[in-house]
Amino acid sequence: MKKLYCFGSSLVLLLWLFAGQALAQSKPPVTITGKVTADKTNETLPGVTVLLKGTSNGTSTGVDGSYSLSVPGGEGTLIFSYVGYVKREMALNGKTSISVSLDPDENALDDVVVVGYGTQKAGNVTGAVTGITAKEIEERPVNRIENALVGQMPGVYVQTTTGEPGADLQIRVRGAASINASNDPLYVVDGVPVDNLRGINPTDVANIEVLKDAASAAIYGSRGSNGVVLVTTKRGKKGAAKLNFSGYTGLQVAESKLDVQSAEDWIQMRKEGIDLDWVAQNPTLNRATDSRAVRLQRLSVNGTVPVSGTNVLRYTHDPKWAYGQDSLAYIDWQKAIFRRAIMQQYTVGVSGGTDNVNYNVNGSFLNQKGIIIGSDLQRATLRANVDAQVRKGIKFFLTLAPSMEWSSLGRVDGTGGQALNAAQMPPVGPKEAGIYVGADPYTTYPWSGRYISPVAVMERTDANGTRTRLNANMGLNFDLYKGLQLQLLGAMDNTYFQDQIYTPTNASREWFGAAEGSLSTSRYSQTFSTRYLFQSVLNYNRSFGENKAHSLNAILGYSVERTGNDFSQQENGQLPNDATYLFDRANSTVNRSYITSGKEALISYFTRAQYNYKEKYLLSASLRRDGSSKFGDDRQWGYFPAVSAGWRVSSEEFMKNVTFITDLKARASWGVTGNNRIPNNSQFALLGINNYPFNGVSVNGFSPISIANPGLGWEQTASFNYGLDFSVLNNRLQVTADYYTKNTSDLLYRVPLSSLTGFTRTFLNIGEVFNRGVEVGLNSRNLVGAFEWSTSFNASYNMNRVEKLDSDNTPVPTGELPGGAGFASLLQVGLPISSYYLYDAIGVYQTQAEVDSEPKLTNTRVGDIKYRDVNGDGKITLDDRTIMGNPTPTYLFGITNTFRYKGFELNVLINAQQGGQLYSVIGRSVDRPGMGYLYNHLATWNNRWKSEAEPGDGKTPSITAQNASLLDSRWLYSSDYLRLKNITLGYNLPRSRFYGSARFYVALENAYIWHNYTGGFSPEALQAGGFDNGSYPQARTYTLGFNLAL
Amino acid sequence: MKAFTLKNLTCAVALGTAGLLATGCKENLLYIPPVANNTVDEFYTSETQVNQGVVSIYNGCLSLPENSYWFLAEFRSDNVAADVATVQRDYSDVSNFNTTSQTAQLQATWTDLYEIVYRANVLQERIQPFTFARVNQFKGEARFLRALAYFDLVRFFGAVPIVDKTLTIAESKLVPRAPVADVYKFMVDDLKFAVDNLPVSYGGTTDRGRATRWAAKALLAKVYLTMYGYPLRDATALPLAKQQLADVYAAASATTFSIAPNYADIFKSANDNRYAVFEIQFASGGTGLGNPIPWQQGQVFPTFWSPFTGFQADFALPPALFGANWPKIDKRKAATLDSVIRNPTTGAITQGRPQFTKFLEKGIGGVQNRTDYPNNFPIIRFEDVVLMYAEVLTEEAGAATPLAITLVNQIRTRAGLPAFTAASPQTASLAAFRAAILNERRYEFVAEGQRWHDLVRTGNAISVMTAFKRATTGNSATGGANFRQLDDHDLIFPIPLLELRINPGFWQQNPGYN
C-alpha cells in the first residue's frame, strides 16, 4: 500500500514540475476560411475538426459547415477530420480560402480498436477481437451496458439470468472453460481491471471490445481465460463545447407468466383430494359422493361427538366453493404481484476541448421501477474524463467516475423468493382477505396450506440498498525518445454497499398469535471493497525502413493490484413493535453480529511486440508473468505466453487483379491464459469456531473447517485461433470467421470429498476441459442510396467436453439442488460440462398391468412416474439415470437489420440460442408428486393420473406418486429460444441552427419470444448450479427516447 | 515556471523506471494469511487450545438428537406415523420405508457422524506432543465421542469404514467397509480406553456435562447388549454388559445420576446434568447452541407455549400412544404428549392434535428462535441403565429374576403403575417378561430415539413395523393394506449416493437399495 501512496505523490510532484505554458508561436498569423461539405449530398458538415498539421492549432466547423482558422505565416497543411468520413489533407500553398468535401468512410479497417494496454488498427489485428461502438449503445434504451451486447457479437453469450432491475448480466466468451471457478470475463474499464460493470452509465461508453482468443487475452495473464471485456469511455475532442442531452421513458410489463392452475382448477383438485381422504377414512361406508351433511354426521359418530376442526377441513368441502367468487376471493397471484412499471433515464453531458485540454463530462439519472411491486432501482452517475497536454511531450489524463445506486431489491429470486411463492400460492382465499390472505390481520384460507401473501411480503418488508462507487484514475504519459513513451497510471475502484432489510412481524407467515414485533428482524450489512492499481508501461512505436515499411510496437509493463473486502453485518430480532427497523441492544435481541475481511494481491510483469511489414505481414508475441496471493506456496507464479500472425493476402501483387475482393486477411494465434477466480484462502486449512455449552454456558471450541492445499493454482487455458477476414464488393459485404480450440487444464473444482476426510468439499486442480467453436460475423450493406438497408449477422457454435478428471477420471456429481436435495448433473470424461444426469421420465404407469409387466423401481405403484430402463436389465435402478443434455447452448445467433430512409432509421435485432437445457427447480414446489393438494400446481396437474379410468395426459403422475425425491427429466426443459430482442424506430431531425443533431425514437425491447419453457418465467433464468430457482421475470419495455446535441 | 527541459525528462524516466522495477518486496506482498481465520498449523499450541479442540468434538454431537435420534431412529419406529400425503419430507420417507440413497437426510446424518469421528482423530493426533495432566482425559473424551458416533453409524448403515486417523483425500477413497463385528470391536476398544481414563466426575461447574467414566461404562454396556442382539447375536457379550451395568447401577447417587422422583422433571432445563448419565448439552441465546427437538417434535404450539410454533401437522402420533392403549394412569403419558391445550390465563381448553411435548418447556423465556430451546437431550438416562440391567439379568437367567423384577418396578412405580410381582402374567415366562421390558422401554423413552434400535436389537422390528404400517397408513396415499412386508434390508439404511460415488464400485450398496 505504501508503495501506491509513494507513486501517487510522485505523480503530484511531476504535475507540479511540469505545469507550465505551451511554447509561444512567433510568426504573423493569416486567417484561413472555408466550408466543409459531404461528398455527393453536398450537405454541410458541422463539427468537423480542422487542424494545422504537426501542431495542436485547430478549430471545428460551425453549424453551417464553415470554419475560420488563424495560421502562423499562412503556410502548412490543414487536416479535416470527422467521424465516419475519410480524413482529408489540404496543403495551404498560400491560399486563404479552402473548402473541401469529405467522402464517407466505408473502410472500417482504419478504425482503431482497443487491445490490452494499447490500441491497434482494426486491420492489423491478428487475434480474435470483436466490439461495438457508442452508436449501438446510445440508440437503445438499455439500463446496463451488457444489455447492449446481446446478440451483437459472435462468440459472446450475454444472458439475462434475472430480470431484477440493475442486476448483473452473465457474459460468457466462447463457452465455458471452468466448472467451479467463475466463468465471468475480466472487465477492464479505461485500462483498469474492475469487478463488474455496475454503475456505469451506458451513454458514457465510447466502445466495448471483447478479447476472445488467448493471444489477445494472454496479456491479462491469470485472469484472461474467460475473455476480457474492454470498455472505453468517451473522451473530449478538440472543438467548441458540445452539450448533449438524452433520455428515455419506458413502460415495462412482464414478458411471461407461469401457467398455473386457476382458482376453479385448484378447487376441483382440492375436492378430489378431500374425497379420497374421506373414502379412505372408512372404505366400506364412505363414498366420494357423500354430501357434507352426511360426512359431518358420520364424523360426529352420529351426532354424539363434536367434529374436530381438523376433520372438517380434512374430510369435507368448503360450502363456499359452491358459490364461487361471490363468497371467496379468486386470486391470480402473478397478476397480483406484477405491475406496469416506468423506467426512465436522463443524461446531460458537456464535451469539448481547447489546444491543451479536452474534457467530457456526463451526468445521468436512472429511475427504474421493477415489474414486481416493491422493487425498484435508482442510479445516478457522473463521469469526468479530462486529458491535458501539460508540456510538449507530457500528457496528463484523469477519470473521475462516482456513481450511486439506491435500490429496493431482493426477496424475489430463488428458493423462498416471492416469484416462487406467487407461483405456488393457493389461488383461493377468504373474501375479506383478498390479496392479503395469510398476512396480518388475515389468516390463511383454512382449506389450504400455510403461507403468506407475496403482495404483503413485498409491500411490508423494507429492503434498501445503497451502493456508492468511486472509480478514479489518473496518469501521465511521457514522450521519452523518438516513439518511446512511458505511461504511469494509478487507479482505484472502491465500492461501499450498505444493505438493509427489515421484515416486520406482519410480513411473516407465522404472525398469527405472535406479539407485534416478536418475529421482526432487521438486518444491516456493510461491504467496503477496495481495489488499487499501479501500473507503468513503456511503449515503443516506430516505423522504419524504406517507405517506413517496417512498423513495430512494443510494450513492457509492470503492475501491482491490491484488493480488499471488509464486511460486517448486524441482525436483531424480537423488536418491540412493527413501527421501526432501528434497534439497539436494549429493545431487541441480537441474531447476528460479525465482522470479516479479506485481502488479495496480484503482481504482474508483461511485454508484447507487434510487428508488421507494409501492413501485409503481421506478427505479434506477448508474455505475462503473474504472481497471486490466492494460491498455494508451490504454485504462486505463472507464465502466460502468446503468439499470433496475420497475412493480408489482398495486399499481395497477385491479388491486384482480383477486384471484387477489397480486403482479405488470414490470422492464426496461440496463447495461454489463466483463471484465478476462486475464493481467497482456499489453499489454507482454516480453523472454525465450534462451541459447545457445558452446563448451559457456551465454551469455545475450534476445529479445522477445510483441508490444506499448497498445490492449489490457477486454471490454465491453451487456445488456438484461426481466422479469416474478408470484404468484397467495395466493402459492401464484410465477413469475419474464426475457428478456435481451447484446452483448459488444472481445472479448479470444489470437489465433493468422502465424508471420511471430515469434510464434504474442497478446491482441487482436477481436470481438463476442451472447447471448440466456430464463429461467423457478417456485415452487409444490402441497399445503398436514398433507402439504405444493412444487415449484421453473427452465429457461433461451441461445444465443450470434459477430458480428464482428478487422477482416475471419477465422475463428479455437480448441480447440487438447494437444500441438499441431490445432484442433477455430473462431470464425466467425454461429456459436456455439467451434463444433466437424470432418470428419463417417459410417462406414467397407467394401469396395474403396466406396473406388473414393465421395468420399475422396487416400490412402484400405479400412477407413479415411469422411467426408461436405460440398461435394459428389466428394473429401474440408479444405473438407469442417463445423460439428458447440458445447460450450455450449442448455437447462438444474432441478426440486426437496419433500414434508413431520409431521417428515419429502423433497427430490428433478433437473437436466438439452441442446444441447451434448463432444469427448473421451481418444479419442486408446483410440479412434483407428493406436493399435496394444499398449494397451487402447474396447470398440467389438471391432467394428472387419478385412476386407471382417469389416466390424465399420460405424462403427469398421480399426486401421491412415490419417489418424488428422484431427480428426473420431468423438470428438464430445452432453453432454446428465438427472441425479437429489440425494435427501434428513430427519426433524425433535419439540421437546424438551434441544435447540432436531434433524434427521437420509439423502441420495443424484448418484443417477443418463442420458446418451449413452461417450468419458469424465462429460458435464460439460469442460476448458480444450472437451475431456475424462480427468478425475477424479464420485462417487455416500450420506450420513447431522444438524443439531442447542442 | 520553467520550460520543459532535459532535466525534467531525466527525472520522468528515472521515476518511470523506478515504477517498472520497484519490486523489491514483491514476494511478501503475495503472502496474505487469512485475515478472518486462523490456520490449523498455527493452532494446538497450548492446553487451552487442545481443550478447545476437545470442545469442538462435543460440538459435532449437537446435531445427534435431531439427525440421528429424531429424524432417523424415532421416525423409523412405531412411535411416529408420518403422513406422505401432504408435504414431502425426508423423515416421511424414513417413516414409510421409502428411503433411497439420494434421501438427503441420510447424507446429512452420515456426514455429521463422520465429522465427529474426524474431529476426534484430529484431537488424538494434535495432542501427541503434550504431557499435561489432562492428556489422557482428553483422549478418553475423544474416543468416547468417536464410539458414540460409530454406534449410530453401525446401527443405521451396517458395515461402515473404520477411520482411526485423519485421512488425505487419496487415502479417504480406499477405506473399505469394515464388517459389523469389527466396528463393534473398534467401539469396545475406544470405550474401554475411555472407561480407564475418564474421571468419575468433574469438579468445576464449567466442566459438568463432559463424558464421565460412568457415561463410558453405560455406553459400553449398551454396545455389549446390542452385540448380544441382532445382528451379531454374540452371547459372550451378555456377561460383559452385566458387569458394566452393575458398576453404573451401584454408582447412582444424588450427586451423580439417579431415578428422578417425578418423570416430567427429567426433561426440564433446570434439571440438566442432574439425573441422566450422559446428555447432549444445549443452551438458549441465539448462538446456534439451542435444542431444536422441542420444535421438531411439536406440531402446532399455542403462543403461550412458545412463540416459535412447530410445523404444519405432517406427522401424527400413532393410536398406540394417544389412545386408550396407553392408560392415563401412567404419569409418563401426560409428560410425553398433549392432546388438549389449556390456556394458563383464561383456563380455556381447546382440542389439539396429539403431539409430543416431552421436551417442550411450555412458556419458557429466553428462546430466540425455534431451534433455541435450552434443555439438554439425554443420550443415556439412568433409567436406561436400570432397564438394560433388568434385561441382561433376564436374558442371563432365561427368566424374570427377582432383581430384574425389582429393577423394572423402580421404573413402573415412579410412573404410577402397579408393580409386577412373581405372580404377574408379565413375569410368568421369558417371552412375557421380555415383552414387558420392551414395552416399558417404549413408554419410558418415547420420543428419545431408542425405540427403533430396541426393536432391531431384540429381533422384533420386522414384525412390529410391518403390522404397524399396515394399520396406520390408512391414508389413500400409501394405500393402507398395500403396504409391503418389510424384510431384513429395511433394518439398515442405504449408503448415501455421494459416498458411493467418491470411488465408484469400491463399496457395494446395502442389499435391496437402488
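1. Let me start with a small detail in chain A: A:Y919 sits opposite A:F1027, the latter being in strand β54 of chain A. The strand on the other side of this pairing is β50 (residues 917-920) of chain A, which runs parallel to β54(A) and is joined to it by two bridges. Keep in mind that this is a predicted model.

2. Zooming out from that pair, β50 belongs to an open sheet of three strands in chain A, ordered β51-β50-β54, with mixed pairing. At the edges are β51 (972-974) and β54 (1027-1028) of chain A, each of which pairs on one side only.

3. On confidence: chain A has a mean pLDDT of 87, and 96% of its residues reach 70 or more. Of the elements in chain A, strand β49 (residues 904-914) has the highest mean pLDDT, at 95, while helix α1 (residues 2-18) has the lowest, at 41. The pLDDT stays below 50 over residues 1-25 of chain A, yet that stretch still has 46 contacts in the model beyond near neighbours in sequence. I would be careful with those contacts, because predicted coordinates should not be read in detail where pLDDT is low.

4. Next, a run of strands in chain A. Strand β19 (residues 341-353) of chain A runs antiparallel to strand β20 (residues 357-369) of chain A, with eleven bridges joining them. A three-residue hairpin connects β19(A) to β20(A). If you want a register check here, A:M343 stands opposite A:Q368 in β20(A).

5. β20(A) also pairs with strand β21 (residues 376-391) of chain A, again antiparallel, through 13 bridges. Here A:V357 is the residue opposite A:A388 in β21(A). These two strands form a hairpin as well, with six residues between them, and A:G374 in the turn has a positive phi of about 80°. As for the side chains, in a regular strand they alternate between the two faces of the sheet.

6. Now the interface. In chain A, 111 residues are in contact with 103 residues of chain B. Together the two chains bury about 8800 Å², 62% of it on carbon and sulfur atoms. On the chain A side, the residues that lose the most area to chain B are A:Y692, A:F694 and A:L756, which together make up 10% of what that side buries.

7. What about polar interactions across this interface? Between chain A and chain B, 14 residue pairs are in polar contact, counting pairs with both residues at pLDDT 80 or more. Strand β28 (residues 589-613) of chain A gives the most to the side touching chain B, namely eleven residues. By type, that side of chain A divides into 52 nonpolar, 42 polar and 17 charged residues.

8. How many salt bridges cross between chain A and chain B? The rule finds one. B:R370 pairs with A:E510, with the closest N and O atoms 3.8 Å apart. The cut-off is 4 Å between the side-chain nitrogen and the carboxyl oxygen, so keep that number in mind when reading the 3.8 Å of this pair.

9. Over all chains, the structure holds 79 salt bridges. One of them joins the side chains of A:K121 and A:E615, at 2.8 Å from N to O. This pair links distant parts of the chain, 494 residues apart: A:K121 lies in strand β9 (residues 118-121) of chain A, and A:E615 is in the loop between β28 and β29 (617-628) of chain A.

How values were computed: Residues numbered from 1 in each chain as written. Chains lettered and ligands numbered in written order. Heavy atoms only, no water. Contact = heavy atoms within 4.5 Å. Buried area = accessible area lost by both parts, 1.4 Å probe. Polar contact = N/O pair within 3.5 Å; in protein donor to acceptor, adjacent residues only side chain to side chain. Helix = DSSP H or I, 4+ residues; strand = E, 2+ residues; numbered from the N terminus. Nonpolar A, V, L, I, M, F, W, Y, C, P; charged D, E, K, R; others polar. Pairing = 2+ DSSP bridges. pLDDT = per-residue confidence, 0-100.
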